[in-house]
Amino acid sequence: MSTMDGMSVLEATRKECETEIDRLGSEKSLIASTDAQLNRNRVLAEAAIAEMHAHNTLILWADDEDDPTAAQIFREVAATEIDHYERVIALADSAPDDPNQSPNSLHKHLRNLEETPVRIGAGLLGRPLVSLRSLLQVINFFINEGNTAAADLFRDLRSETNATLERGVELLDAVCESNDEYEQARDAAVMTVNVVYEVYTTDLEALGIDPKPIC
């Protein structure tokens, strides 16, 4: 009898990665992702590309996933991600030159994962946990810009990302049959947060910025 469940995996990930998630939600996150080019079009472009990367990863997973329930959820979340891409691009002056560009470190990592619980933990728990924090900074950016429409759009995207997190919890409970599988999902979620955090710190340090908060 399993003593773990999807919600305990989520809570354990949040607890273990509390510091990393908190820092990824700081105002420095936009500086890192835009290479300090804090203007409307660069922020929109980076947000859109992130959604396209997620869509492409989830489609790859869906196409070779053995568990039919997981494959269906991956496909549905992929559809949400491409919808997000199109809504973000609608606000931009132009679309990115190559939205399907080579995957970044996060998605290179995700696309190497094969086991179903691991994919769910990484892609539907770890990744949304990070996205919820980065989207909050995008919302704040557009509030400061006085762009109510853009801020409202990203509030909607953040709400839908939270729904993806909830689907990840439910999907884990649908596919995991042992504590070992739940633990694999937790480890994958933690690793995913750490992959994103490593990129964040590297990007900031390259700009001469200390990734740690100033107390």
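**Exercise 1: a serine in a loop**

Ser178 has a relative accessible area of 28% in this structure. Work out whether it counts as buried, exposed or partly exposed, then say where it sits.

*Solution.* Keep in mind from the start that you're looking at a predicted model.
- Step 1: get the cut-offs. Under 20% is buried, over 50% is exposed, and in between is partly exposed.
- Step 2: place the value. Ser178 comes out at 28%, so it is partly exposed.
- Step 3: find it on the chain. Ser178 belongs to the loop between helix 8 and helix 9.
- Step 4: check a distance. Ser178 and Val43 are 135 residues apart along the chain, and their C-alpha atoms are separated by 42 Å.

**Exercise 2: the helix after that loop**

Take helix 9, with its 28 residues, and find out whether its end-to-end span agrees with 1.5 Å a residue.

*Solution.*
- Step 1: locate the helix. Helix 9 covers residues 179–206.
- Step 2: work out the expected span. This is 1.5 Å times one less than the number of residues, which gives 40 Å for helix 9.
- Step 3: compare. The C-alpha atoms at the two ends of helix 9 are 41 Å apart, so the two values agree.
- Step 4: look just past the end. There, Gly208 has a positive phi of about 80°.

**Exercise 3: two helices side by side**

Describe how helix 1 and helix 9 pack against each other, and name the residues that meet.

*Solution.*
- Step 1: know what to ask for. A pair of packed helices is described by the angle between the axes and the distance between them.
- Step 2: give both values. Helix 1 (residues 6–16) and helix 9 pack at about 35°, and their axes are 9 Å apart.
- Step 3: add the handedness. Helix 1 and helix 9 make a right-handed crossing.
- Step 4: list the contact. Helix 1 brings Gly6, Val9, Ala12, Thr13 and Glu16, while helix 9 brings Tyr182, Ala185, Arg186, Ala189 and Val190.
- Step 5: sort those residues. You get 6 nonpolar, 2 polar and 2 charged.

**Exercise 4: the nonpolar cores**

Find how many residues the largest nonpolar core has, and which helix gives the most to it.

*Solution.*
- Step 1: recall the background. Nonpolar side chains tend to be buried together in soluble globular proteins.
- Step 2: read off the count. The largest nonpolar core has 42 residues, and Phe74, Leu124, Leu125, Leu171 and Leu172 have the most contacts inside it.
- Step 3: see who contributes. The elements giving two or more residues include helix 1, helix 5 (68–89) and helix 7 (116–145). Helix 9 gives the most, with 10 residues.
- Step 4: zoom in on one member. Beyond four places in sequence, Leu171 touches Thr69, Ala70, Ile73, Phe74, Ile120 and Leu124.
- Step 5: don't miss the other one. A second, separate core has 20 residues, among them Leu44, Met52, Val88 and Ala150.

**Exercise 5: two buried residues compared**

Decide whether Val196 and Ala150 are buried or exposed, and list what each one contacts beyond four places in sequence.

*Solution.*
- Step 1: take Val196, which lies in helix 9. Its relative accessibility is 16%, so it counts as buried.
- Step 2: list its contacts. Val196 is in contact with Leu24, Leu106 and Val130.
- Step 3: take Ala150, which is found in helix 8. Its relative accessibility is 1%, so Ala150 also counts as buried.
- Step 4: list its contacts too. For Ala150, they are Leu91 and Phe142.

**Exercise 6: three residues in one loop**

Look at Thr34, Asp35 and Ala36 in the loop between helix 3 and helix 4. Which of them counts as buried, and what is the phi of Asp35 and of Ala36?

*Solution.*
- Step 1: check Thr34. At 0% relative accessibility, Thr34 counts as buried. Beyond four places in sequence, it touches Arg42, Val43 and Glu46.
- Step 2: check the next two. Asp35 is partly exposed because its relative accessibility is 43%, and Ala36 is partly exposed at 44%.
- Step 3: remember the usual sign. Most residues other than glycine have a negative phi.
- Step 4: read the angles. Asp35 has a positive phi of about 55°, and the phi of Ala36 is also positive, near 65°.
- Step 5: see what Ala36 meets. Leaving aside neighbours within four places, Ala36 is in contact with Ile31 and Leu207. The C-alpha atoms of Ala36 and Asp203 are separated by 9.7 Å, with their positions 167 residues apart along the chain.

Definitions and conventions
Residues numbered from 1 in each chain as written. Predicted model: local features only at pLDDT ≥ 70, side-chain atom pairs only at ≥ 80, totals over all residues. Heavy atoms only, no water. Axes fitted to C-alpha atoms, helices over the stretch in contact; angles between N-to-C directions. Helix = DSSP H or I, 4+ residues; strand = E, 2+ residues; numbered from the N terminus. Left-handed = near helix turned anticlockwise from the far one by under 90°. Contact = heavy atoms within 4.5 Å. Nonpolar A, V, L, I, M, F, W, Y, C, P; charged D, E, K, R; others polar. Core = buried A, V, L, I, M, F, W, Y, C linked by side-chain atoms within 4.5 Å. Buried < 20%, exposed > 50% of the residue type's maximum accessible area, 1.4 Å probe, protein only.
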